[in-house]
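Please open the model in your viewer and keep the sequence panel beside it, with the selection tool ready. The tour goes from one selection to the next, and each stop says what to look for.

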Amino acid sequence: MHKTQSFTPNKIGRDFVVGDIHGHFKLLAFLLKKSGFNKNLDRIFSVGDLIDRGPDSIDVMDWLQEPWFHAVRGNHEQMLIDCISGHGDIARHSRNGGAWLYELPPVVQKKLSNVLQNLPLIIEIELLDGRKIGIVHAETPLTHNNHTWQNAKDAITGRLGEAYQRLALEKALYARNKIETRDEVLIKGIDQIYVGHSTVASVTRLGNAVYIDTGCSFDDGALTLIELNTQTNINVSMRTM
């Protein structure tokens, strides 16, 4: 059963959303320090692709145990799950930054898969000012042009049937249609949606969708953190650490 997860307003601290981390957890730790992140008060939400390409992918298990760190599943998490279950393409995963996984003992591989399978496909966060923020990895999984955010959640969880669920899963993890067509149409039923997956040179807004994967795995890229209440951007690259 694919799931969504909802969070009530943070009444004591700040909420942040971070772009695709891709195994650069030391970079994330540096970014949190730079932002004055308080583990006792603040929360951070990830748009997925926590693993592969970077040097610290194995650290994902430690980060996901933190009560203040939350993430949706990305296509790289899905590739790992598929490969460990015997349904994936190990050679393709390895070419896309997943070779580190197959150097680990099978018991650790299985543990990683189990942890990542628990990640929701959609996260929804309420802010103190009443706004609702959505997080999904690639694109809001709308299965019809007139569908709303609620319809997308219903599709992911299977309430609209198995065929729609398969389509919604594909869109949530892999789609690039909105950014490739520069689609500015607002998604109804949600104030803002943060996504990753498609690498952008800087934070890019299309309607109420915000693309924040600024390519921290690449030489000219950076990891982007956004404070949700103020929409303040903070970035850091490997060169500036």
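Which residue in S3 is the bridge partner of Asp15? Select Asp15 and look across to S3, where Arg43 is that partner. Before going further, please keep in mind that this is a predicted model.

**The whole chain**

Zoom out until the whole chain is in view, and colour it by secondary structure, which gives eight helices and eleven strands. The C-alpha trace spans about 45 × 45 × 35 Å along its principal axes, and the radius of gyration is 17 Å, which agrees with the value near 18 Å that a compact globule of 241 residues would have. Buried residues make up 53% of the 241 residues, and among the contacts with a separation of 6 or more, 67% are between residues 24 or more positions apart.

**Strands S2, S3 and S4**

Return to the starting point and select residues 15–18, which are strand S2, together with residues 43–46, which are strand S3; the two run parallel and are joined by four bridges. Add helix H1, residues 25–35, and you have the element that makes a right-handed β-α-β unit with S2 and S3.

Now show the side chains of S3, where Arg43 and Phe45 point one way while Ile44 and Ser46 point the other way, and all of them are buried. This fits a wider pattern, in that the side chains of a regular strand alternate between the two faces of the sheet. Next, add strand S4, residues 69–71, which runs parallel to S3 and is joined to S3 by three bridges; here Ile44 has Phe69 as its bridge partner in S4.

**The aromatic cluster**

Phe69 also leads to the next selection, since Phe16, Phe25, Phe37, Trp63, Trp68 and Phe69 are linked by ring pairs into a cluster. With ring centres within 6.5 Å as the criterion for a pair, the count comes to seven aromatic pairs. One of them is the pair of Trp63 and Trp68, which is edge-to-face, with 5.8 Å centre to centre and 80 degrees between the planes. Trp68 forms an edge-to-face pair with Phe69 as well, at 6.5 Å centre to centre and 85 degrees between the planes. Trp63 and Trp68 are both buried, and Phe69 is buried too.

**Gly48 and Glu227**

Is Gly48, which you can select next, buried or exposed? Gly48 counts as buried because its relative accessibility is 0%, and its place is in the loop between S3 and helix H2 (60–64). Leaving aside neighbours within four places in sequence, Gly48 is in contact with Asp20, Ile21, Val72, Gly74, Glu77 and His137. If you draw a distance from Gly48 to Arg14, the two C-alpha atoms are 20 Å apart, with these positions 34 residues apart in sequence terms.

Arg14 then brings you to Glu227, a residue of strand S10 (residues 223–227). Not counting residues up to four places away in sequence, Glu227 touches Arg14, Asp15, Phe16 and Thr232. Glu227 counts as buried because its relative accessible area is 14%, which is under the 20% cut-off.

**The six-stranded sheet and helix H6**

For the last part of the tour, select the six strands that form an open sheet of mixed pairing, in the order S1-S5-S6-S7-S9-S8. Strand S1 (4–7) and strand S8 (204–206) are the edge strands, each pairing on one side only, and neighbouring strands of this sheet are turned by 20 degrees against each other on average, direction ignored. Within the sheet, strand S7 (residues 192–195) and strand S9 (residues 209–211) run parallel and are joined by three bridges, with Ala209 in S9 as the bridge partner of Ile193.

Helix H6, residues 149–157, packs on the sheet and touches S1, strand S5 (122–126), strand S6 (132–136) and S7, and the direction of H6 makes about 140 degrees with that of S5. H6 is mostly covered, with seven of its nine residues buried, including Trp149, Ala152 and Ile156. What covers these buried residues includes S1, S5, S6, S7 and helix H7 (162–174). To finish, step just past the end of H6 to Gly158, which takes a positive phi of about 90 degrees.

Terms used:
Residues numbered from 1 in each chain as written. Predicted model: local features only at pLDDT ≥ 70, side-chain atom pairs only at ≥ 80, totals over all residues. Heavy atoms only, no water. Phe/Tyr/Trp six-rings, centres within 6.5 Å; stacked < 30°, edge-to-face > 60°. Buried < 20%, exposed > 50% of the residue type's maximum accessible area, 1.4 Å probe, protein only. Pairing = 2+ DSSP bridges. Axes fitted to C-alpha atoms, helices over the stretch in contact; angles between N-to-C directions. Contact = heavy atoms within 4.5 Å. Right-handed = clockwise from strand over helix to strand, strands pointing away. Rg over C-alpha atoms; globule rule 2.2 N^0.38 Å.
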